[in-house]
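Here is a short tour of one model, meant to be read with the structure open beside you. Let us start at one end of the chain and work towards the empty spaces.

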Amino acid sequence: MDKALKTKINYEISQIDELIDKSQVLLSLVNNKEPDFIEITAIGGILHSFYNGLENIFVLIGQTLNFDFKSSPQWHRNLVDCMFSQPNFLPPDLRLLLTEYMGFRHFYRHTYGYTIKWEKCSHLFLRLADFWQTVKMAVTKYIEK
């Protein structure tokens, strides 16, 4: 992988790190109570931004594989499939949760914020930092080989 591409991926990693870091205040607010409208709307934006960042990284990696994932209307799912088809990249046990983040991103882009239900997305937000650390380690290891 060339240096310019690694720089782009590392930039995306730094952006997600900052998003996770800035989300800690909100996480502490909703850790023991259901979020109000403003908090759930913010959570929706955070989850959406998080998945967009992951997708940006995956697109960059996909380009190195000459994977033509955008030729299909289901390119978002095809991109995830491509990432899991790479040997020793993403642990298979991440697939279900990654697919849920992708599904939330789709939902968020096509709905109004007031329709977001905490019981449907709480596990995504509460596990965000841990999930990111696992993905980040996999991405870092992949781009350094």
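A polar contact here is a pair of N or O atoms within 3.5 Å, where, within protein, one must be able to donate a hydrogen and the other to accept it. Keep in mind that this is a predicted model.

**The start of helix H1**

With that cut-off in hand, look at aspartate 2, which sits in the segment before H1. Aspartate 2 caps the N-terminal end of H1, with a side-chain oxygen 3.3 Å from the backbone nitrogen of alanine 4. The side chain of aspartate 2 also has a polar atom 2.7 Å from the backbone nitrogen of leucine 5. Is aspartate 2 buried or partly exposed? Its relative accessible area is 48%, so aspartate 2 counts as partly exposed. In space, the C-alpha atoms of aspartate 2 and threonine 64 are 9.2 Å apart, although 62 residues separate the two in sequence.

**Along helix H1**

Helix H1 covers residues 3-30, which makes 28 residues. At 1.5 Å a residue the helix should span 40 Å, and its end C-alpha atoms are indeed 40 Å apart, so the two values agree. H1 also has a kink of about 40°, and glutamine 24 is at its centre.

Which residues of H1 are buried? They are Leu5, Ile9, Glu12, Ile13, Ile16, Ile20, Ser23, Leu26, Leu27 and Val30. Among the elements that cover these buried residues are helix H2 (37-64), helix H5 (118-126) and helix H6 (128-144).

**Empty spaces**

Rolling a probe the size of a water molecule over the atoms shows where empty space is left. The structure holds one cavity of 30 Å³ or more. Here are the largest cavity and the largest pocket in one view:

| Space | Volume | Element giving the most to the lining |
|---|---|---|
| Largest cavity | about 50 Å³ | H1, four residues |
| Largest pocket | about 180 Å³ | H4, five residues |

The lining of the largest cavity is made of Ile20, Ser23, Gln24, Leu27, Phe125, Leu128 and Ala129. H1 and H6 each supply at least two of these lining residues. Glutamine 24, on which the kink in H1 is centred, is one of the residues that line the largest cavity.

Around the largest pocket you will find Pro73, Gln74, Trp75, His76, Arg77, Thr99, Met102, Gly103, Arg105 and His106. Helix H3 (75-85) and helix H4 (95-109) are the elements that give two or more residues to this lining.

**Two buried polar side chains to look at**

Where does glutamine 86 lie? Glutamine 86 is in the loop between H3 and H4. Its relative accessible area is 16%, so glutamine 86 is buried. Leaving aside neighbours within four places in sequence, glutamine 86 is in contact with Leu65 and Tyr142.

Histidine 48 belongs to helix H2. With a relative accessible area of 12%, histidine 48 is buried, because buried means under 20%. What does histidine 48 touch, not counting residues up to four places away in sequence? The residues are Phe104, Arg105, Tyr108 and Arg109. One of them, Arg105, is also among the residues that line the largest pocket.

Methods
Residues numbered from 1 in each chain as written. Predicted model: local features only at pLDDT ≥ 70, side-chain atom pairs only at ≥ 80, totals over all residues. Heavy atoms only, no water. Expected span 1.5 Å × (residues − 1). Bend = angle between axes of the 7 residues up to and from the residue. Buried < 20%, exposed > 50% of the residue type's maximum accessible area, 1.4 Å probe, protein only. Contact = heavy atoms within 4.5 Å. 1 Å grid on protein atoms, 1.4 Å probe; cavity = no way out; pocket = protein on both sides within 12 Å on 5 of 7 lines; lining within 4 Å. Points joined across faces, edges and corners; volume = space filled by probe spheres on them.
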